[in-house]
Amino acid sequence: MIRTLLLSALVAGALSCGVPSYPPGMSRMYGGEEARPNSWPWQVSLQYSSNGQWYHTCGGSLIANNWVLTAAHCISSSRTYRVVLGQHNLYTAESGSLAVSVSKTVVHQDWNSDQVSKGYDIALLKLANPVSLTDKIQLACLPPAGTILPNNYPCYVTGWGNLQTNRAVPDDLQQGRLLVVDYATCSSPRSWGSTVKTNMICAGGDGVICTCNVSANNQGLRSMTKCGWGWEEAMENYPLIGPSSHLLAEAPGNGTRYIRT
């Protein structure tokens, strides 16, 4: 089902996606940096309700005017969700931002939270109401099925995740540049070995910048000497691994694409 929904989103957004009104500034600095406001206009904040308040939990990407791509591990059947679009600072009222309720969650049928290493950490969120596209709210692109990025292909991670272990998350959207690590390298015995599956993508491994608490387009950026993916103990010179929907290929522009399962 999730593949059919992604195909529908690909067709719907093919003619108007991946081109931001405010191109991001890319310094290519190590450790990540604050993004230019609204330069990743498909970025959303996934939030859940608790005791009358809304709390950011993960990020996601708007792939159709009523669908958001996120990570399966972000979804709990016991929670009520909304997404916030067009936002740069999570705690400031910003002109052009929009909050929309989630009416339906679709988690990949092969995702198993007790067997994370099998992959398929991907989910779709159906919005209660379609959103209108603006200069601050736009669609991400999806590529044809089976697209594989070559080794050292530049990608970008964005989100409001932790900048350092056990530290507060940033208020402003962050961005960081990573290079793809091909499957043969990432699955070698000196790297992740059999942990890596063909439905995953690897990137980074320079020991400087990585993502943590991985979720679709909500990766936290660390400016640490050592970093890793998903483990409390940081690991140096290991690429991050995650579902193949998580990384944005090259800087936004005509042909900006997400790699998907």
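Q: How many residues does the hairpin that joins β3 to β4 pass through?
A: This is a predicted model, so keep that in mind as you look. Strand β3 and strand β4 (residues 67–70) run antiparallel, with three bridges joining them. Leu 62 stands opposite Val 68 in β4. The hairpin takes the chain from β3 to β4 through two residues.

Q: Which residue in the turn between β2 and β3 has a positive phi?
A: β2 and β3 pair in the antiparallel sense over eight bridges, and Val 44 has Gly 60 as its bridge partner in β3. The two strands form a hairpin with two residues between them. One residue in that turn has a positive phi of about 50°, although it is not a glycine. That residue is Asn 51.

Q: Is Asn 51 buried or exposed?
A: Find Asn 51 in the loop between β2 and β3. Its relative accessible area is 79%. A residue counts as exposed when that value is over 50%, so Asn 51 is exposed.

Q: What about Tyr 120: is it buried, partly exposed or exposed?
A: Tyr 120 is found in the loop between β6 and β7. Its phi is near 65°, a positive value in a residue other than glycine. The relative accessible area of Tyr 120 is 26%. Buried needs under 20% and exposed needs over 50%, so Tyr 120 is partly exposed.

Q: Which residues touch the most other members of the largest nonpolar core?
A: In soluble globular proteins, nonpolar side chains tend to be buried together. Here, the largest nonpolar core has 32 residues. β2, β3, β5 (81–85), β6 (98–107) and β7 (123–127) each supply at least two residues of this core. The members touching the most others are Leu 46, Leu 62, Val 83 and Leu 85.

Q: Leaving aside neighbours within four places in sequence, which residues is Leu 85 in contact with?
A: Skip those sequence neighbours, and you still get a list that includes Gly 96, Ser 97 and Leu 98. Val 131 and Ile 137 are on it too. The full set is Gln 43, Val 44, Leu 62, Gly 96, Ser 97, Leu 98, Val 100, Val 131 and Ile 137.

Q: What is the arrangement of the rings of Trp 40 and Trp 42?
A: The structure holds three aromatic pairs. The ring centres of Trp 40 and Trp 42 are 6.4 Å apart, with their planes at 80°. An angle over 60 degrees counts as edge-to-face, so this pair is edge-to-face.

Q: Which residues do ring pairs link into a cluster?
A: Both Trp 40 and Trp 42 are buried. Trp 40 and Tyr 156 form a tilted pair, 6.0 Å centre to centre with 45° between the planes. That pair links distant parts of the chain, 116 residues apart: Trp 40 in the loop between β1 and β2, and Tyr 156 in strand β8. The ring pairs thus make a cluster of Trp 40, Trp 42 and Tyr 156.

Q: How many of the six residues of β8 are buried?
A: Side chains in a regular strand alternate between the two faces of the sheet. On one side of β8 you have Pro 154, Tyr 156 and Thr 158, and on the other Cys 155, Val 157 and Gly 159, all buried. β8 is largely enclosed by the rest of the structure, because the buried count is six of the six.

Q: Which residue in β9 is the bridge partner of Gly 159?
A: β8 and strand β9 (residues 174–181) pair in the antiparallel sense. They do so over six bridges. For Gly 159, the partner in β9 is Gln 174.

Q: How far is the charged end of Arg 79 from the centre of the ring it sits over?
A: The ring belongs to Tyr 48. The charged end of Arg 79 sits over that ring, and its distance from the centre is 3.8 Å.

Q: What separation do the C-alpha atoms of Pro 24 and Gln 175 have?
A: Pro 24 is in the loop between α1 (2–13) and β1 (33–34). At 14% relative accessibility, Pro 24 counts as buried. Pro 24 and Gln 175 are 151 residues apart along the chain. Their C-alpha atoms are separated by 9.3 Å.

Terms used: Residues numbered from 1 in each chain as written. Predicted model: local features only at pLDDT ≥ 70, side-chain atom pairs only at ≥ 80, totals over all residues. Heavy atoms only, no water. Helix = DSSP H or I, 4+ residues; strand = E, 2+ residues; numbered from the N terminus. Buried < 20%, exposed > 50% of the residue type's maximum accessible area, 1.4 Å probe, protein only. Phe/Tyr/Trp six-rings, centres within 6.5 Å; stacked < 30°, edge-to-face > 60°. Lys NZ or Arg CZ within 6 Å of the ring centre and 35° of its normal. Core = buried A, V, L, I, M, F, W, Y, C linked by side-chain atoms within 4.5 Å. Contact = heavy atoms within 4.5 Å. Pairing = 2+ DSSP bridges.
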